[in-house]
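Subject: Structure handover and findings

Dear colleague,

Please find the structure below, followed by an account of what was found in it.

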Amino acid sequence: MLGVRRGWQALRRCSSLPRAVRLRVREALAARQPVGEVKVQGWIRSVRSQKEVLFLHINDGSSLESLQVVADPSLEDRDLTFGSAVEVRGKLVKSPHKMQNMELKAETIRVVGPCDTWLFPLKMKERHPLEYVRQFPHLRCRNNTLGSLLRIRSEATAAIHSFFQDNGYVHIHTPIITSNDCEGAGELFQIEMSHETRESAKKTHFFNVPAFLTVSGQLHLEVMAGAFTHVFTFGPTFRAENSQSRRHLAEFYMVEAELSFTESLQDIMQVMEDLFKTATSTVLSKCPHDVELFHKHIAPAQKTKDRLEQMLKNKFVTISYNEAVETLKGASQTFTFKPEWGCDLQTEHEKYLVKHCGDVPVFVINYPYDLKPFYMRDNEDGPQHTVAAVDLLVPGVGELCGGSLREERLPFLESRLQRLGLADAYQWYLDLRKFGSVPHGGFGMGFERYLQYILGVDNIKDVIPFPRFSHSCLL
């Protein structure tokens, strides 16, 4: 008992000692009053040593702006270099400089992890091209531009989830491994066992059927839309497209939603527009400095900020596929792919249509029946047979979202699947139309393309932490 009592007495003495308050850099910069005994941890972004004072700038990823540390030259250490991890204790005081509100007057500086600046590929005060930092996927997050991008991704992700939850949607975790090809394009990654396992299993399928990485969660969302009127998913999707273009990734994130009891394509389009505007407004308000970095230094010529402000104020434009084709045929511009009714719109066509409509987002509706997948609702509209489909085109990117009303009528769906030879494979999908089927529809939005648009980034590989594309899977 005596030992326990002494232990409690020692614990009380320790707890009565003043403890440094741990602050994130963002919290320190936002402080309005001086704070005594604080602790800040992060990485050195710059070092400047003078005869009577030592200046450091520290960043911990919580903000674009770094915190200035002012220290006595006696605290200087050979390991206080750009990129080094440090812990600084001292007092948070008002800064005499107009460019910053607070600064940290250091009492102790501890180097947690030194950084060899000669070998470190990122250099102090150097604005590296995005193509250069892409070579270092394990280090590029320490670059200002990628740091801003990742904070914006985080806020945009939260904003999208908040939008759906605030509007009564249920979040569904759709599977990554699937036996379905939702898009029907055949650009799938097939899952196989490793060589040794495959040999021992005598070349049988692990799941007893061919399995693939998903290209979309739509079909699984349709299942859930038979029990919940509003559902959404947000996760990775995969496309085995042998392309290294600025628009394509092998792994990317999709936001997808499905709405039951809806018979109007306009209802789907309204959700798309509301989601787009709500998420964008949130990002602009919560990450102003991060967004400004892109608008000023990455894509200054695109005037992205002005374009976004106009987009948020105005309704999106809607044109039919027929109108789009006629507009393209009447264009003075010469296209690589000749626009013809019944052919898919190419990126050059999409960008022209957006510009023609005033550089604002454009909905293109009612596409040819034979151009779209089997699940889209037949419009039954005569010789130019169309389906109730919609694509959202945006400046600088082209197609951002795609959606449709789904074919809920069993005879129509059954007939089309039989013509395509898919009736057996999609018997479960037909069952959904037999047991309490309702009119419904939905859409998907490419998250990386969304970020490209709001930030003005030219290459999709620069808006995702670890880009995967043809002939490249670093880390």
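Of the 475 residues in the protein, 47% are buried (under 20% relative accessible area, with exposed meaning over 50% and partly exposed in between; 1.4 Å probe, protein chains only). This is a predicted model, in which local features need pLDDT of at least 70 and side-chain atom pairs count only at pLDDT 80 or more, while totals for chains, interfaces and linings use all residues. Residues are numbered from 1 along each chain as its sequence is written, and side-chain values use heavy atoms, with hydrogens and water left out.

Confidence and overall layout

The average pLDDT (the predictor's confidence in each residue, from 0 to 100) is 90 for the protein, and 93% of the residues score at least 70. The protein has 14 helices and 16 strands, which are DSSP runs numbered from the N terminus (helices H or I, at least four residues; strands E, at least two). Among these elements, strand 7 (residues 170–171) has the highest mean pLDDT, 98, and helix 1 (residues 2–16) the lowest, 41. Over residues 1–17 pLDDT stays under 50, and the model has zero contacts for them beyond four places in sequence; contact here means heavy atoms within 4.5 Å. Where pLDDT is low, the predicted coordinates should not be read in detail.

The C-alpha atoms fill a box of roughly 85 × 70 × 45 Å, taken along the principal axes. Among contacts with a separation of 6 or more, 68% are between residues 24 or more positions apart.

Nonpolar cores

The largest nonpolar core (buried Ala, Val, Leu, Ile, Met, Phe, Trp, Tyr and Cys residues joined through side-chain atoms within 4.5 Å) has 63 residues, of which Ile160, Phe164, Phe276, Met445 and Tyr450 touch the most other members. Helix 7 (residues 265–286) supplies the largest share of this core, nine residues. Leaving aside residues up to four places away in sequence, methionine 445 touches residues including Ile160, Tyr253, Phe276 and Tyr450. Another core, of 28 residues, lies apart from the largest one and has Val354, Val362, Leu393 and Leu417 among its members.

Aromatic rings and charges

The structure holds 21 aromatic pairs (rings of Phe, Tyr and Trp, the last by its six-membered ring, with centres within 6.5 Å; planes under 30 degrees apart are stacked, over 60 edge-to-face and the rest tilted). Phenylalanine 164 and phenylalanine 232 are stacked, because their ring centres lie 4.5 Å apart and their planes meet at 15°. The former lies in helix 4 (residues 144–166) and the latter in strand 10 (residues 230–238), so the pair ties together parts 68 residues apart in sequence. Both phenylalanine 164 and phenylalanine 232 are buried. Phenylalanine 206 and phenylalanine 207 form an edge-to-face pair, at 4.9 Å centre to centre and 80° between the planes. Phenylalanine 206 is exposed at 61% relative accessibility, whereas phenylalanine 207, at 41%, is partly exposed. One aromatic cluster is formed by Phe234, Phe276, Phe316, Phe363, Phe447, Tyr450 and Tyr453.

The charged end of arginine 153 sits over the ring of tyrosine 253, 5.6 Å from its centre (NZ of Lys or CZ of Arg within 6 Å of the ring centre and within 35 degrees of the ring normal). Arginine 433 lies over the face of tyrosine 429, at 4.1 Å from the ring centre.

Kind regards
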